[in-house]
Amino acid sequence: MQLSFLFKAACLTGLLSLAGCSSSVTAPEKYSGFLKDYSGLKKTESRTGKPILRWVSPDYKPGSYDTLVFNPLTYYPKPKPNSQLGHETLDKILTYTNSRLKERAAEKIELVSTPGPRSLIFRGAITGVNSSAQDIQFYEVVPIAMVVAGTMMLTGHRTMDTHIYFEGELIDANTNKVMMKVLRKGQGKKIDNENALITIDDIKGVIDELATDTALEFTPPQTPS
């Protein structure tokens, strides 16, 4: 009986170890539908080295644009707050994300309310994912954008990772053609367990990284002299 218990424990530990190795980018089944077209996306790295999914039009030349129409991010789909992630926190997350994105974008390109002949249009969203309940649940979903993914130890204790999912695109204001599409899964701080509240401080760091990378897409990459 002891041997059987040890075998089962080893199997469970192995399964949970595999569960911890979640994808570093958004999986296709988690595409939200915010973007009209998800074809052509390829796994690559952001300008600061973070894993992302991206498609860039062969016609996209950052130097051809000198203004940006910044459309504030939204939640897509509509949030459904719960006991771990409430209305107030959701509002703070969205406000902070828009503030940082707009601030960083303004450092790289002039922001305008009306598009001109050399304008890009930015639209983006913090998106949601879905998950079905499992007997051994490797990750749980907090509706909309916060995915709580973690490992339950044999003792019953669970530490959780926080993630935020983002989808965005840049559109040529003259042709209305998409110049770039980006999907990003960012990891925030760990929280103690599945009952712990998620706060804005848990994901401020990953939002700051997202804002920096997004702004860099408006400018040509630096080439060694």
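**Exercise 1. Confidence along the chain**

Over residues 128-156, where pLDDT stays under 50, how many contacts beyond four places in sequence does the model have?

Solution. The structure is a predicted model. Begin with the whole chain: its mean pLDDT is 77, and 71% of its residues reach 70 or more. Next, take the stretch in the task: for residues 128-156 the model has 82 contacts beyond four places in sequence, with pLDDT under 50 throughout. Then turn to residues 1-21, where pLDDT also stays under 50 and the model has 11 such contacts. Last, decide how to read such stretches: where pLDDT is low, the predicted coordinates should not be read in detail.

**Exercise 2. Two packed helices**

Describe how helix H2 and helix H3 pack.

Solution. Locate the helices: H2 covers residues 87-108 and H3 covers residues 204-216. Their axes are 8 Å apart and form an angle of about 30 degrees. The crossing of H2 and H3 is right-handed. Now list residues that make the contact: H2 contributes, among them, Ile93, Tyr96 and Arg100, while those from H3 include Ile207, Leu210 and Ala211. Sorted by class, the contact has nine nonpolar, three polar and five charged residues.

**Exercise 3. The nonpolar cores**

Which elements each supply at least two residues of the largest nonpolar core?

Solution. The largest nonpolar core has 33 residues, and Leu68, Ile93, Phe122 and Ile207 have the most contacts inside it. Strands E3 (67-70), E6 (119-127), E9 (158-172) and E10 (178-191), together with H2 and H3, each supply at least two of its residues. H2 gives the most, with five residues. Another core, of eight residues, lies apart from this one; Val25, Phe34, Leu35 and Leu53 are among its members.

**Exercise 4. Two loop residues**

Is tyrosine 60 buried or exposed, and is asparagine 176 buried or exposed?

Solution. Tyrosine 60 is in the loop between strand E2 (51-56) and E3. Its relative accessible area is 9%; buried means under 20%, so tyrosine 60 is buried. Its C-alpha atom is separated by 7.6 Å from that of methionine 180, which is 120 residues away along the chain. Asparagine 176 lies in the loop between E9 and E10. With a relative accessible area of 60%, asparagine 176 is exposed, because the cut-off for exposed is over 50%. Asparagine 176 has a positive phi of about 65 degrees, although it is not a glycine.

**Exercise 5. A cis peptide bond**

Which residues does a cis peptide bond join?

Solution. The bond joins tyrosine 76 and proline 77, with omega about 0 degrees. Proline 77 lies in the loop between strand E4 (74-76) and H2.

Technical notes. Residues are numbered from 1 along each chain as its sequence is written. This is a predicted model: local features need pLDDT of at least 70, side-chain atom pairs count only at pLDDT 80 or more; totals for chains, interfaces and linings use all residues. Side-chain values use heavy atoms; hydrogens and water are left out. pLDDT is the predictor's confidence in each residue, from 0 to 100. Contact means heavy atoms within 4.5 Å. Axes are lines fitted to C-alpha atoms, for helices over the stretch in contact, and angles run from 0 to 180 degrees between N-to-C directions. Helices (H or I, at least four residues) and strands (E, at least two) are DSSP runs, numbered from the N terminus. A crossing is left-handed if the near helix is turned anticlockwise from the far one by less than a right angle, and right-handed if clockwise. Ala, Val, Leu, Ile, Met, Phe, Trp, Tyr, Cys and Pro count as nonpolar, Asp, Glu, Lys and Arg as charged, and the others, Gly among them, as polar. A nonpolar core is a set of buried Ala, Val, Leu, Ile, Met, Phe, Trp, Tyr and Cys residues joined through side-chain atoms within 4.5 Å. Buried means under 20% relative accessible area, exposed over 50%, partly exposed in between (1.4 Å probe, protein chains only).
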